Structures are given as structure tokens and as C-alpha cells.
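Q: Could you take a close look at one part of this protein and describe, step by step, how it is put together? I would like to follow the description with the model in front of me.

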Amino acid sequence: PNSPESYTPFLDSLLAQSMFFEDAIANSRTSMDALPSVISSIPAYTNESFILSEYSANQFQGLPSILKEAGYYSAFFHGANNGSMRFDAFTSAAGFDAYYGRNEYPNPSHFDGNWGIEDHHMLSFAVDEMNRFKKPFFSMIFTLSSHHPYTIPTSFKSRVKHGPEPLCATISYVDLALKEFWEKAKKQAWFKNTLFVFCADHVGPTKRWDRSSLEWTYRIPIGFYHASMNLPKVKKGKMFQQIDIMPTVLDYLHFDHPFMAFGESALRKKQYPYAINYRDGIYQTIDSTHVLQFAEDQTLAFYNYQIDPFLKNNLRNKIYAKENKMKEFTAAYIQQFNDALIENKYQT
């Protein structure tokens with residue numbers, strides 16, 4: 001937050017008051033893979049997205065189905081065409097009571113001409129709908145503006161901050177839309193009792209060479225905000241990933257029933273200071289200083305990305321104790337994940 005290059009000054013102001021994980025890791029590189037990670041603590045460790053795979057028919061839990069046990073109503077807001085990325089099918093399977101897509105939005109003139117309903121309209125609509133929900137409720141809003149062709153609504157064109165890439169202006173627009181949403185939400189009775197979670201789905205595209213290091217390829221902002229300001233501050237370097245969101249939310253709500261998650265709550269002492277992502281057959285296990293690249297039970301590379309951000313100096317077998325510890329953890333973790341998928345055990 002508060003970087004001179006930032007295009008999100010309002011979000012930055014909220015994260016400064018939040019339990020903010022500056023070094024958070026995305027579990028994937030796509031929006032479709034991010035959704036199962038955030039909602040159901042299902043990491044993206046297969047070549048095909050969980051949403052598209054045969055395993056999507058498995059029995060699995062998610063925040064909406066788990067919270068339903070405690071009486072929560074749930075809804076998912078995504079202004080794109082219904083069926084986009086199969087979000088409607090996945091969120092239904094995850095237990096959401098309602099889905100609000102472009103079809104459910106009341107004013108067709110707010111269509112952006114490409115992806116769906118403009119974010120500032122959809123965010124305002126979400127507040128109106130949430131006011132009608134039975135309490136307690138759980139809602140998730142997935143914005144859509146930051147995609148090609150990076151359309152900016154006419155009323156925002158003179159207000160956005162432009163940068164070296166077209167994506168910058170759309171990020172600025174979403175930040176302005178978030179500010180409007182926040183000002184409207186603060187006036188609602190439920191605001192002061194609500195835990196807000198901010199999370200990016202993945203890192204956006206860039207042509208900048210200085211944004212191609214590990215730090216920039218998977219690092220995303222994740223923050224938890226409550227009006228009471230009673231959330232702990234986070235030490236720089238603490239590992240946190242998308243699959244940790246579900247157990248952290250349930251811990252914050254003092255949910256005391258068993259549930260299945262591959263992530264760990266930030267409100268407990270974490271057993272392993274690692275985050276894992278997967279791409280093209282290679283697993284990356286990351287801690288606060290090192291990254292292990294691993295495939296088929298073999299270490300491919302081991303780097304200190306803090307002093308070697310572009311991963312040029314392979315330290316494989318040079319710091320063997322730490323490398324081996326991360327390797328053993330990764331192998332056991334992936335085996336457990338594969339067993340849960342294949343044997344349909346992704347629930348308690």
C-alpha cells in the first residue's frame with residue numbers, strides 16, 4: 001500500500017487498517033482456479049481447472065455450505081454473462097443460496113459492451129440486495145473490469161489514474177468503484193458487524209521485465225477488515241495464501257464444527273510457513289526467503305528469491321537440509337491432495 005505506483009489508494013487505506021498480508025500468494029494464475037481456492041480451500045494443483053474437471057462432481061464443502069450450518073444465508077455476485085467460467089455451477093455446488101449475474105441485474109443499459117455489468121453499478125446493486133437478506137449472511141463479489149479491452153465507464157474516464165499499461169486505468173476504476181461501495185455500505189446496519197475480506201484472484205498481465213520475478217508473478221494482496229479494528233497486525237514475510245482464507249474466516253467466527261481445508265488459519269500458530277502453487281507440471285513451494293521447484297518427487301531447482309529475484313542461481317543440494325524439508329513437505333502435501341480428489345474425500 002501507499003506505493004507511488006499504486007492505482008488503488010482507497011484500497012490501500014483500508015488495508016492499512018486491516019489484518020493485511022503483504023506477502024500473500026495466489027494459488028493459481030487464473031480466475032477460474034482462484035474461486036475454489038478462496039471459497040473451498042481447494043488448491044489448483046492439476047492441469048485442468050477443478051471447475052472444469054471430473055472432480056467438480058465430487059462432494060466438497062465451501063464457506064457457504066459450512067456457514068449454512070450456523071444459519072447464514074449466502075449469495076454470490078458476478079456481473080458477467082451467466083455461465084461465464086461456470087461460476088454459477090460451481091457456486092451452486094459450493095452451497096450458495098443465490099447467484100446474481102448479468103441476468104439478475106435489473107438494468108441492461110449498464111452492460112459494458114464486453115464482459116458484463118459495470119463494476120460500480122454491480123457493487124451498488126449488491127449493497128441493495130444485501131439489505132434484503134436474512135441475517136446473518138455471507139456474500140462474495142467478483143469484479144470483472146480489469147480484463148481486455150479495459151473499458152472505463154464514461155463517467156469515470158476523467159477520474160482514473162493512467163499508467164504504462166491499459167490495465168492500470170481499469171484497476172484505478174475498480175478502486176473508485178470500491179470507494180463508492182464502501183461509502184454506501186458504511187451507512188447500513190450490518191456494516192459494523194461484518195468481516196470484509198479483500199483478495200485478488202491472480203496477478204495481471206504485464207510486459208515489464210522488472211515485474212517478471214517471483215515476487216511479482218504470484219504476489220497478491222489479501223486483507224481482513226472489521227470496523228472494530230480488533231484483528232491482529234501481520235509481520236512482514238508471514239506466508240499466507242488463498243486457501244488459507246476459508247479456515248481463517250471460520251476461526252474468526254469461532255466455528256467449532258469439523259471441516260476440510262488444505263489451508264491453515266492465520267489466527268492459529270501455523271505448522272508450516274509455506275505456500276504452494278502449480279504450473280505446467282511444476283510445484284513451487286515458497287517460504288519467506290526460498291522457493292523450491294519440484295516435479296515427480298524430484299527437486300528441479302532451489303533459489304533464494306530474496307537475493308536472487310529472477311531465479312538465476314540454482315542452489316539445489318547446496319542448502320540441503322532446508323531444501324529436503326521443503327521437498328518432503330511438498331511430496332506429502334500433494335499426495336494428500338491427490339488422495340482427497342481421487343477418493344472423493346474432500347469433506348468431513
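A: What follows is a walk through an open sheet, the helix that lies across it, and a pocket to which both contribute. The model is predicted, so please read every value as computed from that prediction.

Strands of a sheet pair through backbone hydrogen bonds, either parallel or antiparallel. In this case four strands form an open sheet in the order β7-β8-β9-β10, and their pairing is antiparallel. The edges are β7 and β10 (298–304), each of which pairs on one side only, and from one strand to the next the twist averages 20°. Within the sheet, β8 (residues 282–286) and β9 (residues 290–295) run antiparallel and are joined by four bridges, and glutamine 284 stands opposite glutamine 293 in β9.

The helix α9 lies across β7, β8, β9 and β10, and it runs at about 50° to β9. This helix, which spans 320–342, also brings us to the second largest pocket, because α9, together with α8 (245–252) and β7 (275–279), supplies at least two residues of its lining. The largest share, four residues, comes from α9.

The second largest pocket has a volume of about 540 Å³, and of the 25 residues that line it, the closest to its centre are Ala261, Phe262, Gly263, Glu264 and Gln271. Sorted by class, the lining of this pocket holds 14 nonpolar, five polar and six charged residues.

Key
Residues are numbered from 1 along each chain as its sequence is written. This is a predicted model: local features need pLDDT of at least 70, side-chain atom pairs count only at pLDDT 80 or more; totals for chains, interfaces and linings use all residues. Side-chain values use heavy atoms; hydrogens and water are left out. On a 1 Å grid over the protein atoms alone, a cavity is a set of points where a 1.4 Å probe fits but cannot get out, and a pocket is an open set with protein on both sides within 12 Å along at least five of seven lines; lining residues have an atom within 4 Å of a point. Grid points are joined across faces, edges and corners, and a volume is the space filled by probe spheres set on the points. Ala, Val, Leu, Ile, Met, Phe, Trp, Tyr, Cys and Pro count as nonpolar, Asp, Glu, Lys and Arg as charged, and the others, Gly among them, as polar. Two strands pair if DSSP finds at least two bridges between them. Axes are lines fitted to C-alpha atoms, for helices over the stretch in contact, and angles run from 0 to 180 degrees between N-to-C directions. Contact means heavy atoms within 4.5 Å.
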